[in-house]
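Let's look at how some helices pack together. Have the sequence and the 3D view ready.

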Amino acid sequence: MRTSSNPAFRNLPTSPGGYARFGDAPAGLGGAFGGGPAGQPPMAGASDRPLTVDDVVQKTALNAVITIGVGIAAAILLSPVLGILGFVVGLVVSLIIIFKQSTSPALVLTYSVSQGLALGTITGFLEASSNSYAGIGFQAIVGVVGVFVGMLVVYKTGAIRVTPRLTKMVIGAAIGVVVLMLVNLVVSFFSTGGIGLRDGGPLAIVFSLVCIAVGAFMLLLDFDQADQAVKAGVPAKFAWYLAFGFMTTLVWLYIEILRLLSYFRGD
């Protein structure tokens, strides 16, 4: 079975035939959804209905709306404390969800709220710093929606097929991008501008475009993972976990599109 570049989707429970059915494991095993030995297939009650596409769409849309709403409020408040709190809480909660494969609505919603606080604060301060950045947050959201819809069309029409080779390429590209970001961050401590990946110059613009492209292909892989989960009939509660996975990719895209727009609209 293909794996995704998204760390959340990469931890989806599997069986030799693909996604686990969550009811095939021997009684007594719990896993991420029932409480049991790590690495065992998660269990679900017999009354759990299968996951549907509507479940994934509704949960993802709900979290996206919450993030946008909280982000708008945070941009108005312009509180650095709230921004830092949102970043820290978001990081901690995301790690808990990923490693515990949690389907807890409370955790997923907390992640969305925290990201709204962090991204809204960043966007608010950016817009307040110069008239050149007025409305940049809205433009970034429109950009994210455009990429999301575009990649959904690409996936549904089969214009680009998700294959094991494509998956490996996207994962490799994502790892490479993250490594370059870390290198640039470390070098920036000793030299202004780091290695030029975030200074607004031509190289920075190209790097942001690459990051957006990687994020777009991550969405493509994520659509495929969600599609496989629906076909495998996993429990409906798993929609929360899938929604979290989509949110991590959408947050990535928002940050990179916001950054790219800031390069073109800067003084």
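## Helix α8

What span should the 27 residues of helix α8 have at 1.5 Å a residue? The expected figure is 39 Å, since the rule is 1.5 Å times one less than the number of residues. The end C-alpha atoms of α8 (residues 239-265) lie 38 Å apart, which agrees. Helices here are DSSP runs (H or I, at least four residues), numbered from the N terminus.

α8 is also mostly covered, with 22 of its 27 residues buried (under 20% relative accessible area, 1.4 Å probe, protein chains only).

## Where the model comes from

This is a predicted model, where local features need pLDDT of at least 70, side-chain atom pairs count only at pLDDT 80 or more, and totals for chains, interfaces and linings use all residues. Residues are numbered from 1 along each chain as its sequence is written, and side-chain values use heavy atoms, leaving out hydrogens and water.

## α5 against α8

Helix α5 (residues 136-157) and α8 have axes that come within 8 Å and cross at roughly 130° (axes are lines fitted to C-alpha atoms over the stretch in contact, with angles from 0 to 180 degrees between N-to-C directions). That makes α5 oblique to α8 (not under 35 degrees, over 145, or 65 to 115).

Residues in contact (heavy atoms within 4.5 Å) include V144 and F148 in α5 and L250 and I257 in α8.

## α6 against α7

Helix α6 (residues 164-188) packs with helix α7 (residues 202-232) at about 140°, their axes 10 Å apart. α6 and α7 are therefore oblique to each other. Among the contact residues are V170 and V177 of α6, plus F207 and V214 of α7.

Notes: Helix = DSSP H or I, 4+ residues; strand = E, 2+ residues; numbered from the N terminus. Buried < 20%, exposed > 50% of the residue type's maximum accessible area, 1.4 Å probe, protein only.
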